[in-house]
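Here is a short tour of a strand-rich model, meant to be read with the viewer open. Let us start at a turn and work outwards.

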Amino acid sequence: MTRPVGFSVLLFLAVFLLVVSSVKTACSASSNGYLNAIYEEWEISEDETMGVVGLSLYHNFSDFFSLGVGSWMAVKGERGGFITLGVDGNLCLPITERIAFESGVFIGAGGGRGGYTLSGGGLMLRPHAQLTYDTGSLGRLSAGISYVRFPNGGSIESTQPYISLSLPFYTSMENGWTDDHPDAMAQKRDSSSRSNSFAAVVRDLHAASGAETLNGAAQRDFTLLGIEWRSYLNDSWYAKLETEGAAGGNSRGYMQILLGGGAQIPVAGNLFVNADASVGGGGGGNVDTGGGLLLDASAGIGYYLTSGLFTGLSGAYVTAPDGSFEATSLALKLGYRSGGSPANDEKGIGGHSEKPSNMRLRLVNQIYFKASDLWRTHQADMNVENIGIQVDGFLDRNWYLTGQGLAAYGGDAGAYMTGLLGLGVRKNIVDKAFVNAEGLFGAAGGGGLATGGGLVWQGNVGLGYDLHPSLSALATVGRIDAFDGDFKADVFGLSLAYNFNSFLLH
């Protein structure tokens, strides 16, 4: 009797999974996460291409499946400031011990430097397929083919080859939250977990005398607001990711994302100095960054106010090699470092901690509804739909610090983006239901939304439900307003949250 084809396929898959799960393969995770960098070139018209870099941070949910958050940014061509944000899923199938086939899809939103013509409403889809070679100490090298489309009215539709490099990222994470026995999780902590720090950054940019806007006028000074994340390779050396948006001046809509590394050296007591260099992409707000490539070098001084809480002051030089933009800057930082080994002396200055933190990562959809007749410069009667990521770090069982990044995908507002920081509270009310409230402020601009200098505030209240110890759903209503512009909108939001435990705060 001939077995059905479906039975044969299931039998093959069962044997395949049994074999690959019992041996080390190219998909076997050596860490619980990885940082991925990709370069490819999109054809955006018959006579124009745009070189873009993709940066994503993934969490391995198994040896074969990972999910991450990421961004794409223009670095070559004539579209500096074209940036998107979104989520990225990846499936890995081993071929040999070092070679694997991988496939996945990026779903996000954004735009810029070309506005509605290029990105339409802003929605971006990017499926991909690649072959990956695990080099071991040098990370995983990949080559593949991707297809990019902006289906919500955008003109970009392109198929292209790409290359990528993935490096392991170490942090201790557990599904769900720990309430009563944090020491139990501390004992499970992976010895390879590294110290990390997060800081809020306010940066004043002072444009060089030769810097011009895209219109040929002299570039004026402006202010950036954002965050900086560092992962320490040892007690001194670190890798960093910094993202900021315009929140003051006449360059609303400007955004930059920088990736780099540097060193932090103790001087005396709680005092330390640091220096680093970064490369990335940025533009928008009529700032002439050419193709979008940015180079940044900074040096500063800092002081630990407590064992983990620190403040810092740094000076930097940033330039766009392919544009006229050039500036010096002065930045003020307030942040927290935890995990790993002490970064200073026997007092443990540097945030050494063996206490885990409750964290929440939210995939967020927010819809803006008109609350002012002048809230947009075009399509004023259309709602604006946004997608993005929100990260919450809990200070205790209820209170949390929060940061979010959103980009428009609907409402003819392609290129609108916002990055906000704030404080929130989550309180259980009955069984698995909870209430949530938060206040945030930060930068927003682009897409024809009248955000003035770019500084906005947002307040949200909502109801949530725990579907699982590590998964929650949340509905919110709120308001977002510009401090010095006509932008005002009522906000309705839906989010799906992944609740986990990590050594990032405390």
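Strands β2 and β3 are joined by a hairpin through four residues. Strands here are DSSP runs (E, at least two residues), numbered from the N terminus, and two strands pair if DSSP finds at least two bridges between them. The model is predicted, so to speak of local features pLDDT must be at least 70, side-chain atom pairs count only at pLDDT 80 or more, and totals for chains, interfaces and linings use all residues. Residues are numbered from 1 along each chain as its sequence is written, and side-chain values use heavy atoms, with hydrogens and water left out.

The antiparallel pairs compare as follows.

| Pair | Bridges | Residues opposite each other |
|---|---|---|
| β2 (residues 48-60) and β3 | 10 bridges | L55 and S71 |
| β3 and β4 | nine bridges | S71 and L85 |
| β12 (residues 237-249) and β13 (residues 255-268) | nine bridges | A239 and G261 |

Between β3 and β4 the hairpin holds six residues, and G77 in that turn has a positive phi of about 120 degrees.

On the surface, F61, F65, L67, L91, L93, I95, I99, F101, L131 and Y133 make a nonpolar patch of about 880 Å². Such patches take residues with over 30% relative accessible area and no salt bridge, nonpolar side chains being joined within 5 Å; areas come from the Shrake-Rupley method with a 1.4 Å probe, and a salt bridge puts a Lys or Arg side-chain nitrogen within 4 Å of an Asp or Glu carboxyl oxygen. At least two patch residues come from each of β3 (65-76), β4 (83-94), β5 (99-111) and β6 (123-134); L131 lies in β6.

Elsewhere, eight strands close into an antiparallel barrel, in the order β10-β11-β12-β13-β14-β15-β16-β17.

Technical notes: Patch = residues over 30% accessible without salt bridge, like charges linked within 9 Å, V, L, I, M, F, W, Y side chains within 5 Å.
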